[in-house]
Every structure is written in C-alpha cells, then in structure tokens.
Amino acid sequence: QVQLVESGGGLVQAGGSLRLSCAPSGRSFSFGAMGWFRQAPGKERELVATISWSGGTAYYADSVKGRFTISRDIAKNTMYLQMNSLKPEDTAVYYCAADTVVADPKAVGFWGQGTQVTVAS
C-alpha cells in the first residue's frame, strides 16, 4: 500500500513563505507525475501545480505563477512546493497527489492526508 506523506504546513503572515514536502511511504512505487491541489472551505479542490517525475516539466495555476515553485528530488523520492509571497487567499488545505498524470482531481489515484496552510493578513 502506497501512502503519500506531507509535511510543512502552518501559519504565516501575508508576504511570508512556507515549503511543503511530500514523499511516498510503504512499498517502492514510481509515478509519472506528482502535484499539489488545495481546497478552501466551501470551495472545490483546485489544482495548484504539477511536475512530471522523469523530465521535471512543471505546470502552475495562474493564481500562483511567479510565487510558487514545484520541484522534486529523485534521489530522495520527494516532491516540494516552495510558496513565497503568500496571500490570505492562499489559505487552504493542501493535498499532495500522484498518478500517471495529475490534472483532474477525480482521476488522481493517490492522495496525501492534507496539510493546513493559513496566511494571516
């Protein structure tokens, strides 16, 4: 059984930074892509960023372009999301996701437990 384990959420002031991490635990498994979604109260889960595992090609939602950076460390089998210039509207539960392709949340097979990010104004 593969589980995705996240870390790095917390409370930060607007303009601050946080870094999220995600790594699979359990049996060894390789994914075609990994990514981050977020869900704020009363809103649908939205895609934040994705990265192809082998080539490192990244995609960002318009709302985070220029502020967030997704990366992966193949040796550590870990994905990161560096979040800079955080805004109150970035407040949400952030979920790590992995599958052959990561785009539509309804089609993603592997999820982390979620980590809360709160940005105070």
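A nonpolar core is a set of buried Ala, Val, Leu, Ile, Met, Phe, Trp, Tyr and Cys residues joined through side-chain atoms within 4.5 Å. Keep that in mind as you look at this structure, which is a predicted model.

The largest such core here has 28 residues. Met34, Trp36, Met79, Leu81, Met83 and Tyr94 are the ones with the most contacts inside it. Who chips in? Strands β1, β3, β4, β5, β7, β8, β9 and β11 each supply at least two residues, and β9 gives the most, with 4 residues. In soluble globular proteins, nonpolar side chains tend to be buried together.

Take Met79 as an example. Leaving out residues up to four places away in sequence, Met79 touches Leu20, Ser21, Cys22, Met34, Gly35, Trp36, Ile51, Trp53, Ile70, Ser71, Arg72 and Cys96. There's also a second, separate core of 6 residues, with Ala33, Phe37, Ala97 and Val108 among them.

Now for β11, which spans residues 115-120. Which of its residues sit on the covered face? They are Thr115, Val117 and Val119, while Gln116, Thr118 and Ala120 make up the uncovered face. This strand pairs with two others, as the table shows.

| Partner of β11 | Direction | Bridges | Residue opposite Val117 |
|---|---|---|---|
| β2 (residues 10-13) | parallel | 4 | Gly10 |
| β9 (residues 92-99) | antiparallel | 3 | Ala92 |

So Val117 in β11 is a handy residue to find on screen: Val117 lies on the covered face, is the bridge partner of Gly10, and stands opposite Ala92.

Conventions: Residues numbered from 1 in each chain as written. Predicted model: local features only at pLDDT ≥ 70, side-chain atom pairs only at ≥ 80, totals over all residues. Heavy atoms only, no water. Buried < 20%, exposed > 50% of the residue type's maximum accessible area, 1.4 Å probe, protein only. Pairing = 2+ DSSP bridges. Contact = heavy atoms within 4.5 Å.
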